[in-house]
Amino acid sequence: MLLLRCHLKRALPQKVSCRFCAVMGKLQSKFKHSTYKYSRPDGFIEEKIQTKAFQEYSPAHVDTVSVVAALNSDLCVSGGKDKTAVAYNWRTGNVVKRFKGHEREITKIACIYKSSQFFSASRDKMVMMWDLQSSSQPRQQFSGHTMVVTGLTVSPDSSQLCTGSRDNTLLLWDVGTGQCAERASVSRNLVTHLCWVPREHYILQTSEDKTIRLWDSRGLQVAHTFPTQQHIQTYCEVSEDGHKCVSCSSGFEGEGCEATLWDLRQTRSRICEYRGHFQTVASCIFLPRALASMPAIATSSHDCKVKIWNQDTGACLFTLSLDGSGPLTSLAVADSVSLLCARILEWVATSPGDLPDPGIKPGSSALQAGSFPTELQDRSSISKIQIPIHSET
C-alpha cells in the first residue's frame, strides 16, 4: 500500500500552506502525481505535486474493494467483489479477521462505531451482522429485499437497521430479533445510499431517480423531498450536529460531478455546491474540526482524485491526485487526523498523522488512509522517506 501524507493549514490570511509526504517501503512499482499550482480568487492556493511511492504488503482482498468504513480509531472494515468482509488494522497493515458468508459482492458496510460489531450488504440481496469478538459466522441475517442491497445505516442507539435496495424499497429492522418492522416503497426509487441523522429519528436517502429524501423512521414515511437534481445522486452524509447534509452526483467530463451542501433544519435549502471533479463523485464526508481550521468537506471521485473543500465558501483547499489508481469508491474518517479511501486498483493510505500504513501493488484490491491536519508536523522518526513540498507565497 502507498502511504501519502498531506498537511494543510492556513499559513497567513488568504494563504494556504501545504505539505505532502510519501512514505515508502519495499521498492515495487511507481505511482506518479502531476504538479501544478494556481491561486484562486478567494486567496487559496491549490497545489498538486509529483511524487513516487513504493510499498507492498499482503493484499486484504483478492478482487476489487467496493467500500470501507471505520470500526474504531485503529480498525477499518472493507468489502468487495471477493464476497469477503475484512477487518484491517490500517496503522500496522495487518489483517485482523476475515468474514465470509455472502454469495456475491459486498456493496455496503455499516459499523457500530467504537464497538466490535458491523453490518454488510451484498448483491446476494442479504444483509449480515458480524462481531469481531465472536466467530467468523454472521451473528444475524436480514433477508427481505428482492434485488441488490445498496443502502445500509444503523440507528444512533444501534437498535434498528435501515436497508435500501434497487427494488425501490426501504426496510426497517429490529437488530436484536432480525425481524422486519417496517417496509416502504416508492416508484423508481433505486436507492444508492442511506445515512441516519445523529440523535434523530430521520434517515437521509439518495437515489438513482436524482432525488434526495428524508424519511421518518417512525412509520417509515417520507418527511421531506429535496428538489430533484440534474444527475443521479450517489451518496450522502449528515454532519455530526445533524444540521446539514451533503450529497454528491454522477457525471462525466465535468458535467454533474458535484457535491451539494443542504440545510436539514426548517428551510432545508441548498447552501453551497462544490465543483471541480471531472467524473462521478462516489463519496462525500464532513471532516472533523480536528482535521481543518475551518469547516471542511472531502470528496472522492472516479477521476482518481480526493478533494478537500471549504464547507462555507466552496473553495477547493487541496487536491490529491492518484493518477492511474482507478475509480475512488469510498471515503471514511478513521480517527481525528486520518481518512480512509477505497479504490479499485490498490490499497493506499494518505495521512498527515505520519502513521505507517500498508500498501498493495497496482492490480491488487486496495484501500487508502489519508489525513489532513491543520498544523504541519514532522515525525520523520516514523517516516522512512519523506518528500515535503510547501506553498507559502
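In the predicted model, Asp82 is placed in the loop that joins strand S6 (75–80) to S7. Asp82 is buried and yet takes part in no salt bridge, the nearest side chain of opposite charge being that of Arg98, 5.4 Å away; since a salt bridge is counted only within 4 Å, this separation of 5.4 Å does not qualify. When residues up to four places away in sequence are left aside, Asp82 touches His61, Val62 and Asp63.

Confidence in the prediction varies along the chain. The pLDDT averages 78 over the protein, and 72% of the residues score at least 70. Over residues 1–57 the pLDDT is below 50, although this stretch has 232 contacts in the model beyond near neighbours in sequence. Residues 346–393 likewise have a pLDDT that stays under 50, and for them the model has 236 contacts beyond four places in sequence.

Strand S7, which follows the loop that holds Asp82, comprises residues 84–89 and is joined by six bridges to strand S8 (residues 94–100), the two strands running antiparallel. Within this pair, Tyr88 of the hairpin has Val95 in S8 as its bridge partner. Four residues lie between the strands of the S7 and S8 hairpin, in which Gly93 adopts a positive phi near 85°. Ala87 is located in strand S7 and counts as buried because its relative accessibility is 1%. Beyond residues up to four places away in sequence, the contacts of Ala87 are Cys76, Val77, Asn94, Val95, Val96, Lys97, Phe99 and Leu132. Ala87 and Ala60, which are 27 residues apart in sequence, have their C-alpha atoms 8.9 Å apart in space.

Two open sheets of the model can be described in terms of strand order and pairing. In one of them, four strands are arranged in the order S9-S10-S11-S12 with antiparallel pairing. The edges of this sheet are formed by strand S9 (106–111) and strand S12 (140–143), each of which pairs on one side only, and the twist from one strand to the next averages 20°. Strand S10 (residues 117–122) and strand S11 (residues 126–131) run antiparallel and are joined by five bridges, with Met129 in S11 serving as the bridge partner of Phe119. The other open sheet also consists of four strands, in the order S13-S14-S15-S16, and its pairing is antiparallel. Here the edge positions are taken by strand S13 (149–154) and strand S16 (180–185), each pairing on one side only, while the twist averages 15° from one strand to the next. Five bridges connect S13 to strand S14 (residues 160–165) in an antiparallel arrangement, and Thr153 has Cys162 in S14 as its bridge partner.

A search of the whole structure finds ten salt bridges. One of them is formed between Arg91 and Asp74, whose closest N and O atoms are 2.5 Å apart; this pair links distant parts of the chain, with Arg91 in the loop between S7 and S8 and Asp74 in the loop between strand S5 (65–70) and S6, 17 residues apart. Arg91 counts as partly exposed because its relative accessibility is 22%, and Asp74 is also partly exposed, with a relative accessible area of 32%.

A further salt bridge is formed by Glu105 and Arg123, with the closest N and O atoms 3.2 Å apart. Glu105 lies in the loop between S8 and S9, whereas Arg123 lies in the loop between S10 and S11, so the pair ties together parts that are 18 residues apart in sequence. In this pair Glu105 is buried, with a relative accessible area of 16%, but Arg123 is partly exposed, with a relative accessible area of 36%.

Arg275 and Glu258 also form a salt bridge, in which the closest N and O atoms are 3.8 Å apart. Distant parts of the chain are again linked, as Arg275 is in the loop between strand S26 (270–274) and strand S27 (281–286), and Glu258 is in the loop between strand S24 (255–256) and strand S25 (259–263), 17 residues apart. Glu258 counts as buried because its relative accessibility is 6%. Together with Arg270 and Glu273, the residues Glu258 and Arg275 are linked in a network of salt bridges.

Conventions:
Residues numbered from 1 in each chain as written. Predicted model: local features only at pLDDT ≥ 70, side-chain atom pairs only at ≥ 80, totals over all residues. Heavy atoms only, no water. Pairing = 2+ DSSP bridges. Axes fitted to C-alpha atoms, helices over the stretch in contact; angles between N-to-C directions. Buried < 20%, exposed > 50% of the residue type's maximum accessible area, 1.4 Å probe, protein only. Lys, Arg positive; Asp, Glu negative; His and termini not counted. Contact = heavy atoms within 4.5 Å. pLDDT = per-residue confidence, 0-100.
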